[in-house]
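Good morning, everyone. Please look at the sequence and the structure on the screen while I speak.

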Amino acid sequence: MNILNIVSSPRGDQSFSIKLADAIIGKLLEDTPGSTVTTRDLATNPFPHLEAAKLQSLFTPAPDRTPEQQLAAKHSDDAIAEVQAADIIVIGAPLYNFGIPSVLKAWIDHICRAGITFKYVNGQPQGLVTGKKVYIAMASGGIYSEGPAASNDFVAPYLQAVLSFIGLTDVTVVRVEGVSIPGLQDTALAKALATLQPELADEAI
Ligand SMILES: Cc1cc2nc3c(=O)[nH]c(=O)nc-3n(C[C@H](O)[C@H](O)[C@H](O)COP(=O)(O)O)c2cc1C
């Protein structure tokens, strides 16, 4: 198994999404010894925003690109190659202002490419990145899985929608939540890990 680990928190050892993603990967490695892990740290090596030159390069056929456009397209080509090479993708996703961190959005903007990761057939979108499992290791200060703030969760629904658009339909969301709430923060990670065990046991079967 090739596991792709997408890190988007800049908080290193303090990060709950990183701890949760590492726990998921640890379990996957236990279940499938010999797997490889490729880590793409978006916090330390962010993808650039899609500015004019990059957009032009993505919509210009490769043979027609200028040297400048070739360089601009390389970020996207590299990100897509990593996704295509992976059997399992683990995405660390902190909740920032109800959505995903901008570094994670920039990565998504680089992996969604018409004709490469999705296409339209008879007016209907068809995802071209298929046969992979995705885990989203989500971390939030408050509780968003249920209760009054649930409708403000634009992390899990958005990631599920955009990943499914490119063909990644087998997505499991694991939440470490309430990390900013006294009384919940100490047990939040353990609770998330407890939900994880049966899911990963099923995966191994
Ligand atoms: C810029 C920023 C915005 C945040 N916005 C929210 C928010 O809207 N709601 C919330 O519950 N927590 C919010 N938080 C708290 C984070 O979701 C929480 O600290 C989470 O653990 C961050 O993930 P990490 O531990 O992997 O870095 C925010 C944190 C930061 C740094």
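I shall discuss salt bridges first and then a set of annotated residues.

Please bear in mind that this is a predicted model. How many salt bridges does the structure hold? There are 7 of them, and I shall present three.

Let us begin in helix H3, which spans residues 67-85. Here the side chain of aspartate 78 forms a salt bridge with that of lysine 74, with 2.7 Å from N to O. The two residues are 4 positions apart in the helix, about one turn. Are these partners buried or exposed? Each falls in between: aspartate 78 has a relative accessibility of 30% and is therefore classed as partly exposed, and lysine 74, with a relative accessible area of 43%, is also partly exposed.

Helix H4 offers a second pair. Aspartate 109 and lysine 105 make a salt bridge whose closest N and O atoms lie 2.9 Å apart. Both residues belong to helix H4, again 4 residues apart, or about one turn. Aspartate 109 is partly exposed, at 25% relative accessible area, and lysine 105 is partly exposed as well, at 32%.

The third pair joins separate elements. Arginine 113 meets aspartate 77 in a salt bridge, and their closest N and O atoms are 3.0 Å apart. Arginine 113 sits in the loop between helix H4 (102-111) and strand E4 (118-121), whereas aspartate 77 is in helix H3, so this salt bridge ties together parts that are 36 residues apart in sequence. Buried means under 20% relative accessible area; arginine 113, at 6%, is therefore buried. Aspartate 77, at 35%, counts as partly exposed.

I now turn to the annotation. Which residues does the UniProt annotation "binding site" cover? According to that unreviewed entry, they are Ser9, Ser15, Phe16 and Ser17.

Serine 15 is located in the loop between strand E1 (2-7) and helix H1 (16-31). Its relative accessibility is 1%, so serine 15 counts as buried. The side chain of serine 15 also makes a polar contact of 3.2 Å with the side chain of serine 17.

Phenylalanine 16 lies in helix H1. With a relative accessibility of 17%, phenylalanine 16 counts as buried. What does phenylalanine 16 touch, leaving aside residues up to four places away in sequence? Its contacts are Arg11, Ala139, Val176, Val179 and Leu189.

Thank you for your attention.

How values were computed:
Residues are numbered from 1 along each chain as its sequence is written. This is a predicted model: local features need pLDDT of at least 70, side-chain atom pairs count only at pLDDT 80 or more; totals for chains, interfaces and linings use all residues. Side-chain values use heavy atoms; hydrogens and water are left out. A salt bridge is a side-chain nitrogen of Lys or Arg within 4 Å of a carboxyl oxygen of Asp or Glu. Buried means under 20% relative accessible area, exposed over 50%, partly exposed in between (1.4 Å probe, protein chains only). UniProt positions are given in the numbering used here, feature names are shortened, and annotations may be inferred rather than shown by experiment. A polar contact is a pair of N or O atoms within 3.5 Å; within protein, one must be able to donate a hydrogen and the other to accept it, and residues adjacent in sequence count only if both atoms are side-chain atoms. Contact means heavy atoms within 4.5 Å.
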